[in-house]
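The following paragraphs lead the reader through a single protein model, from its strand pairing to its core and its aromatic pairs.

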Amino acid sequence: MTSPHFSSGDLIADRRADYARMFAESGEFAEAAELMEQALEQVPAWAAGWFRLAEYAEKSGRKEAAAAALAKVVALDPADIFGAGLKLAVLGVAETPAAPSTAYVERLFDDYADRFDTALVQRLDYTVPQTLARLVRRHAGEDAHFGLVSDIGCGTGLFGVELRASAGRLEGFDLSAGMLAKAAEKAVYDHLAQADLSLPAEKSGLFANAPEERADLVSAADVLMYLGDLAEVFPSAARLLKAGGLFAFSVEDGGMDDTPLLRPSLRYAHPERFIRKRAEENGLAILAMEKSVIRQDAGQPVHGLLFLAKREA
């Protein structure tokens with residue numbers, strides 16, 4: 001069997017794929033696609049190879065060829081670790097998924113964990129941890145103390161660092177084991193565990209050996225854009241919170257639409273109207289909303305919305 005990941009397992013195919021990558025790095029995408037097609041003649045069950053072919057075909061202006069290659073990826077890799085289903089939606093040839101596949105998000109952040117802090121903070125001017133923490137303190141007071149803070153989608157712990165001094169106990173959850181390992185290195189969390197926020201609360205891992213209604217503050221800093229329609233995360237946050245507890249979170253700004261938008265970045269943007277509806281459905285009252293540039297992407301600002309909500313009694 002060929003690997004579904006980055007090597008085809010065939011020396012000749014891998015060599016042609018390496019040449020294709022060099023052409024692509026020089027901007028010669030048509031030539032890169034031709035070489036990838038030759039490689040895939042050797043190993044037609046190589047999902048990663050079809051995904052690379054799709055990228056080169058798209059960049060050479062061959063949308064139909066890109067879509068056909070992505071369809072092959074989906075057929076070969078039903079778990080969709082490459083996000084091919086999202087790419088098909090971006091190309092306009094498939095319906096937008098309600099959420100990305102768990103396998104795609106987990107692989108994305110496991111691969112990104114070692115360089116996450118450097119890339120995001122130093123190169124992309126990532127500001128969410130600081131601005132979201134300021135939003136919390138602006139409402140709760142500079143000296144506010146939270147008995148238990150539950151940081152869901154904690155990543156490498158950047159928001160945890162901002163809240164450590166204000167938390168009696170700080171727990172962090174993330175889908176990516178690689179991200180959790182990096183968070184552990186910061187030594188700010190009292191408890192770290194793996195959780196899948198796309199699943200219903202009882203299956204997510206948020207309540208394994210821990211009660212509901214335990215948190216004074218739940219945070220989701222820069223994670224909801226990887227959760228699509230948010231059908232499960234708002235109910236989970238509401239079940240984590242004590243009555244009167246706060247939910248602080250950020251989204252990419254989806255403008256004036258009514259439903260989430262899937263962007264070419266393969267991240268979802270959420271309209272304010274949609275967020276307010278999700279909050280209301282789950283007994284969460286929006287206390288504050290702030291607009292902010294949350295990072296740079298390809299040299300362009302990414303506009304976001306930061307929210308603070310309260311669980312109603």
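In this predicted model, strands β8 and β9 form a hairpin with two residues between them. A298, which lies in the turn, has a positive phi of about 55°. Strand β8 spans residues 284-297 and pairs with β9 in the antiparallel sense, over 12 bridges. Within this pairing, S292 has G304 of β9 as its bridge partner.

Strand β9, residues 300-311, also pairs with strand β5, residues 241-253. These two strands run antiparallel and are joined by seven bridges. One position that marks the register is V251, which stands opposite L305 in β9.

K242 also belongs to strand β5. Its C-alpha atom is separated by 7.3 Å from that of R311, although the two residues are 69 residues apart along the chain. R311 is also among the contacts of K242 once neighbours within four places in sequence are left aside; the others are E213, R214, A215 and D216. Is K242 buried or exposed, or does it fall in between? Its relative accessibility is 35%, so K242 counts as partly exposed; the buried class would require a value under 20%, and the exposed class one over 50%.

Two other residues of these strands give a contrasting picture. F249 has 0% relative accessibility and therefore counts as buried. F307 likewise counts as buried because its relative accessibility is 0%.

The discussion now turns to the core. The largest nonpolar core has 44 residues, and those with the most contacts inside it are F109, F116, L132, F146 and L217. Helix α8, residues 128-140, supplies the largest share of this core, namely five residues. L132 is in contact with F249 and F307, and also with F159, A221, A248 and L306, when its neighbours within four places in sequence are set aside.

Aromatic pairs form a further theme. The structure holds eight of them. In one, the ring centres of F109 and Y226 are 4.9 Å apart and the planes stand at 90°, so the pair is edge-to-face. F109 lies in helix α6 (residues 102-112), whereas Y226 lies in the loop between β4 (215-220) and α12 (233-240), so the pair ties together parts that are 117 residues apart in sequence. Both F109 and Y226 are buried. Another aromatic pair, F249 with F307, is stacked, with 5.1 Å centre to centre and 15° between the planes. This pair, too, links distant parts of the chain, since F249 is in strand β5 and F307 in strand β9, 58 residues apart. Ring pairs also link F109 and Y226 with Y112 and F116 into a cluster.

Helix α2 completes the tour. This helix comprises residues 29-42, 14 residues in number, and reaches 20 Å from its first C-alpha to its last, close to the 20 Å expected at 1.5 Å a residue. Which residues of α2 are buried? They are F29, A32, A33, L35, M36, A39 and L40. Because these residues cover an arc of only 165° around the axis, they lie on the same side of α2. What covers the buried residues of α2 includes α1 (11-25) and α3 (47-59).

Definitions and conventions
Residues are numbered from 1 along each chain as its sequence is written. This is a predicted model: local features need pLDDT of at least 70, side-chain atom pairs count only at pLDDT 80 or more; totals for chains, interfaces and linings use all residues. Side-chain values use heavy atoms; hydrogens and water are left out. Helices (H or I, at least four residues) and strands (E, at least two) are DSSP runs, numbered from the N terminus. The expected span of a helix is 1.5 Å times one less than its number of residues. Buried means under 20% relative accessible area, exposed over 50%, partly exposed in between (1.4 Å probe, protein chains only). The arc is that of the directions from the helix axis to the C-beta atoms. Contact means heavy atoms within 4.5 Å. Two strands pair if DSSP finds at least two bridges between them. A nonpolar core is a set of buried Ala, Val, Leu, Ile, Met, Phe, Trp, Tyr and Cys residues joined through side-chain atoms within 4.5 Å. Rings of Phe, Tyr and Trp (its six-membered ring) pair if their centres lie within 6.5 Å; planes under 30 degrees apart count as stacked, over 60 as edge-to-face and the rest as tilted.
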